[in-house]
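Work through these exercises with the sequence and the model side by side. Try each task before you read its solution.

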Amino acid sequence: MSSVTPRSWQAVAALALLAGALFSGPLVTATPGYGIATVALIFILLLFAIQMDRFPPAIAATCLFIGAHGAVWALLHGLAGNEGTARISFFLLLAAAWVLAWRCVALLSSLRPAGKWARTALRLIIPAIFGAWILILWEAITRGAGIPFILLPPPSAIGARIANSLPILAADVRQTIFKAVIFGYVVGSGAGFLTAILADRVPFFRRGLLPIGNMVSALPIIGVAPIMVMWFGFDWQSKAAVVIIMTFFPMLVNTVAGLAASGHMERDLMRTYASGYWQTLFKLRLPAAAPFIFNALKINSTLALIGAIVAEFFGTPVVGMGFRISTEVGRMNIDMVWAEIAVAALAGSVFYGVVALFERAVTFWHPSVRGG
């Protein structure tokens with residue numbers, strides 16, 4: 001065993017798991033199960049990854065990636081037709097591949113490439129591997145343990161449902177996101193920002209409005225949504241109204257806090273230059289408040305989507321993400337429910353990412369951005 005002496009604890013754990021799988025019998029109880037060639041390939045790939053862990057980080061990370069992902073692909077490929085029959089050896093090999101992928105991500109995180117593109121690629125690859133393993137473990141456990149489809153479908157079934165339901169999903173996204181979410185997000189955030197400027201200018205509004213804002217922001221959405229449906233009808237306008245309510249007060253509170261973030265020395269300096277309120281606001285206080293404003297925009301990007309989807313539970317035309325989720329749950333089409341959840345998560349992540357990129361472009365001077 002000296003030729004495969006590992007360097008990291010992850011490789012030691014993978015080697016122990018391999019030994020346990022070797023003496024635990026077949027991978028599945030079904031007959032026929034995995035072929036000898038498939039089992040041999042899995043062990044060879046994992047041993048190759050363990051051995052290459054002794055090499056320099058860049059080479060080791062590449063080989064660990066190939067070995068761990070090749071082994072888990074062979075595991076999942078051999079499971080086809082044997083769902084629900086996995087034995088302990090199957091899960092030991094799965095765990096071995098997982099800890100080697102962990103070691104791969106740890107090595108990638110330790111790299112400090114000189115090139116900008118290489119650093120950008122690493123920032124994308126590391127979370128991609130992490131997210132892929134969430135799906136891999138989900139797939140392997142649900143299929144290997146035979147978890148009932150009605151409780152938790154595997155990602156492959158959800159992906160197949162997404163591919164077969166693109167027109168329906170596109171119509172739901174158009175109704176929920178491109179109508180209710182975007183309109184409500186823009187109007188709610190914009191109104192909150194302008195109201196914050198007014199509250200900063202007029203102390204009466206600041207002292208009277210902020211306590212009310214904190215109270216209204218704590219209102220349960222399941223209580224507000226039916227009222228908005230009664231007021232504005234069943235179409236997207238009532239959902240946009242819910243989004244406006246949910247996004248207005250986070251923007252108001254954060255902007256007011258941001259406008260108070262500039263120091264007294266900077267304000268005194270502006271006064272020595274004979275600057276008026278609006279000059280000080282645009283040249284000093286709003287730039288200082290920019291991180292607070294973008295923080296509210298990022299919070300609102302998720303609140304808006306949640307608000308629109310939940311509001312659709314209380315009345316909507318026969319289209320929309322919330323309508324589809326509530327309807328398909330009643331029909332026990334759980335894969336369609338998860339497909340809508342996946343699309344909503346992807347849309348929310350893209351929305352948040354666009355706001356974050358815009359923040360970096362606008363607040364490039366801020367220490368948090370310069371340091372990142």
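**Exercise 1.** Leaving aside its neighbours within four places in sequence, which residues is Ser 301 in contact with?

*Solution.* Keep in mind that this is a predicted model. Start by placing the residue: Ser 301 lies in helix 12. Next, check its cover. Buried means under 20% relative accessible area. Ser 301 has 1% relative accessibility, so it counts as buried. Now list the partners, skipping the close sequence neighbours. They are Tyr 185, Phe 351 and Tyr 352.

**Exercise 2.** Find where helix 12 bends, and compare its span with that of a straight helix.

*Solution.* Take the straight case to begin with. A straight helix of 35 residues would span 51 Å at 1.5 Å a residue. Then take the model: helix 12, residues 277-311, spans only 41 Å between its end C-alpha atoms. Now look along the helix for a bend. There is one of about 50° at Ala 290. Check what comes after it: a proline, Pro 291, follows within four residues.

**Exercise 3.** Decide whether Val 105 is buried or exposed, and describe its surroundings.

*Solution.* Locate the residue in helix 4, residues 88-110. Its relative accessibility is 16%, so Val 105 counts as buried. Look for contacts beyond four places in sequence: Val 105 touches Ile 126 and Ile 129. Then pick out Phe 65, which is 40 residues away along the chain. The C-alpha atoms of Val 105 and Phe 65 are separated by 8.6 Å.

**Exercise 4.** Examine the salt bridges of Arg 103, Arg 143 and Arg 161.

*Solution.* Recall the principle: side chains of opposite charge can pair when their charged atoms come close. The structure holds seven salt bridges. Take three of them in turn.

- Arg 103 pairs with Asp 53, with the closest N and O atoms 2.8 Å apart. Arg 103 is in helix 4 and Asp 53 is in the loop between helix 2 and helix 3, so the pair ties together parts 50 residues apart in sequence. Both residues are buried.
- Arg 143 meets Glu 83 at 3.2 Å, N to O. Arg 143 belongs to helix 5 and Glu 83 to the loop between helix 3 and helix 4, so this pair ties together parts 60 residues apart in sequence. Arg 143 is buried at 15%, whereas Glu 83 is partly exposed at 41%. Glu 83 and Arg 143 are also linked with Glu 139 in a network of salt bridges.
- Arg 161 pairs with Asp 335, the closest N and O atoms being 3.1 Å apart. The pair links helix 6 to helix 14, across 174 residues. Arg 161 is partly exposed at 28%, and Asp 335 is buried at 11%.

**Exercise 5.** Describe the packing of helix 13 and what comes just after the helix.

*Solution.* List the buried residues of helix 13, residues 321-330: Met 321, Gly 322, Phe 323, Arg 324, Ile 325 and Glu 328. They pack against helix 7, helix 12 and helix 14. Then step past the end of helix 13. There, Met 332 takes a positive phi of about 65°.

**Exercise 6.** Which residues form a nonpolar patch on the surface together with Met 332?

*Solution.* The partners are Ile 141, Ile 147, Ile 150 and Leu 151. With Met 332, they have about 460 Å² of accessible area together. Now inspect one member. Leu 151 sits in the loop between helix 5 and helix 6. Exposed means over 50%. Leu 151 reaches 61% relative accessibility, so it counts as exposed.

Notes. Residues are numbered from 1 along each chain as its sequence is written. This is a predicted model: local features need pLDDT of at least 70, side-chain atom pairs count only at pLDDT 80 or more; totals for chains, interfaces and linings use all residues. Side-chain values use heavy atoms; hydrogens and water are left out. Patches are made of residues with over 30% relative accessible area and no salt bridge: like charges are joined within 9 Å, nonpolar side chains (Val, Leu, Ile, Met, Phe, Trp, Tyr) within 5 Å. Accessible areas come from the Shrake-Rupley method with a 1.4 Å probe; for residues, only the protein chains shown count as cover. A salt bridge is a side-chain nitrogen of Lys or Arg within 4 Å of a carboxyl oxygen of Asp or Glu. Helices (H or I, at least four residues) and strands (E, at least two) are DSSP runs, numbered from the N terminus. Buried means under 20% relative accessible area, exposed over 50%, partly exposed in between (1.4 Å probe, protein chains only). The expected span of a helix is 1.5 Å times one less than its number of residues. The bend at a residue is the angle between axes fitted to the seven residues ending there and the seven starting there. Contact means heavy atoms within 4.5 Å.
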